[in-house]
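Biologist: I have a new model to explore and would love some company. Shall we go through it by asking and answering?

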Amino acid sequence: MYTIKLNTEQLYLIQQSLEVMTRLKSGQISIAMSEAYPQLSWDDSEDIEKEVRSKVFPELSPNSYYGVGSKIEEISDCFDMIQVIRHRLSWDRLAAEGKDKPDFYGRNYYTPMKFGKHDLVEVVMTHKSKE
C-alpha cells in the first residue's frame, strides 16, 4: 500500500488525468484530445481520432467504443479510481459550503461501485489544506 499526500487541486488533476487515460483506452480519442488540449478544434480532434483508431482500434466501427467491463481492464480500473475521487471531492466541497446533503443527488454523491479487478482506492482527507 502507498500513501500520496495531495491538495485538492492536485487531486482534481489526477481525476482529470484518469479521465483522459480512460477515454484513450476506450477509443474515445477525440474526447480525450478535447480534455487534454482544449485549444484543438473539434475537427482536429476528430482527425486525430480517425488516425489513431485506424492503427490502435481497427476492430471498432466509427461510433463504437470499449467501456467499463470490457476486455480492456484498465478502463474499469481507471473508472473505479475516478468514481472514488469524484465522490470524495464532491462531499468535501459540499461540507466546505456548510451543507450535509446536496440539492441534487447526481452520480458524484452515490457510493462508488467496483468494476475493475482491484479493490477500490481510498481517498481520505487527513486535514484541510491551506489553499
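Modeller: Gladly! One definition to begin with: a helix is a DSSP run of H or I with at least four residues, and helices are numbered from the N terminus. Please also keep in mind that this is a predicted model.

Biologist: With that naming in hand, where is Y110 found?

Modeller: Helices carry numbers counted from the N terminus, so a stretch can be named by the helix it follows. Y110 is found in the segment after α4.

Biologist: Is Y110 buried, partly exposed or exposed?

Modeller: Its relative accessibility is 49%. Buried needs a value under 20% and exposed needs one over 50%, with partly exposed in between. Y110 at 49% therefore counts as partly exposed.

Biologist: Which residues is Y110 in contact with, leaving aside its neighbours within four places in sequence?

Modeller: Folding can bring separate parts of a chain together, and a distance helps to picture it here: the C-alpha atoms of Y110 and Q83 are separated by 9.1 Å, though the two are 27 residues apart along the chain. For contact, heavy atoms have to be within 4.5 Å. With the neighbours within four places left aside, the residues in contact with Y110 are H87 and Y105.

Biologist: Let's turn to empty space. Which helix gives the largest share of the lining of the largest pocket?

Modeller: Rolling a probe the size of a water molecule over the atoms shows where empty space is left. The largest pocket holds about 1,400 Å³ of space, and 35 residues line it, with I4, L11, E122, V123 and V124 the closest to its centre. Both α1 (8-26) and α4 (73-96) supply at least two residues of this lining. The largest share, ten residues, comes from α4.

Biologist: How many residues of that lining are nonpolar?

Modeller: The lining of the largest pocket divides into three classes. Seven of its residues are polar and ten are charged. The number of nonpolar ones is 18.

Biologist: And what volume does the second largest pocket have?

Modeller: Its lining has 13 residues, and the closest to its centre are E19, T22, R23, Q28 and F79. The elements giving two or more residues to this lining are α1 and α4. The volume of the second largest pocket is about 190 Å³.

Biologist: E19 and R23 caught my eye. About how far apart along their helix are they, in turns?

Modeller: Their side chains meet in a salt bridge, at 2.8 Å from N to O. R23 is partly exposed, with a relative accessible area of 22%. Because they are four residues apart in helix α1, the separation of E19 and R23 is about one helical turn.

Biologist: R88 and D92 form a salt bridge too. Is D92 buried or exposed?

Modeller: R88 and D92 both lie in helix α4, four residues apart, and their closest N and O atoms are 2.8 Å apart. R88 has a relative accessible area of 27%, so it is partly exposed. D92 has a value of 18%, which is under the 20% cut-off, and D92 therefore counts as buried.

Biologist: Which residue forms a salt bridge with E73?

Modeller: Side chains of opposite charge can pair when their charged atoms come close. This pair links distant parts of the chain, 44 residues apart, with E73 in helix α4 and its partner in the segment after α4. E73 is partly exposed at 43%, while the partner is exposed at 54%. The closest N and O atoms are 3.1 Å apart, and the partner is K117.

Biologist: How many salt bridges does the count come to?

Modeller: Besides the pairs we have discussed, E97, K99 and D103 are linked in a network of salt bridges. The full count comes to six.

Biologist: Last topic, the interior. How many residues does the largest nonpolar core have?

Modeller: In soluble globular proteins, nonpolar side chains tend to be buried together. Here the largest core consists of I29, M33, F57, L60, Y66, I72 and I75. Apart from it lies another core, of six residues, including L11, I82, I85 and L89. The number of residues in the largest core is seven.

Terms used
Residues numbered from 1 in each chain as written. Predicted model: local features only at pLDDT ≥ 70, side-chain atom pairs only at ≥ 80, totals over all residues. Heavy atoms only, no water. 1 Å grid on protein atoms, 1.4 Å probe; cavity = no way out; pocket = protein on both sides within 12 Å on 5 of 7 lines; lining within 4 Å. Points joined across faces, edges and corners; volume = space filled by probe spheres on them. Nonpolar A, V, L, I, M, F, W, Y, C, P; charged D, E, K, R; others polar. Core = buried A, V, L, I, M, F, W, Y, C linked by side-chain atoms within 4.5 Å. Buried < 20%, exposed > 50% of the residue type's maximum accessible area, 1.4 Å probe, protein only.
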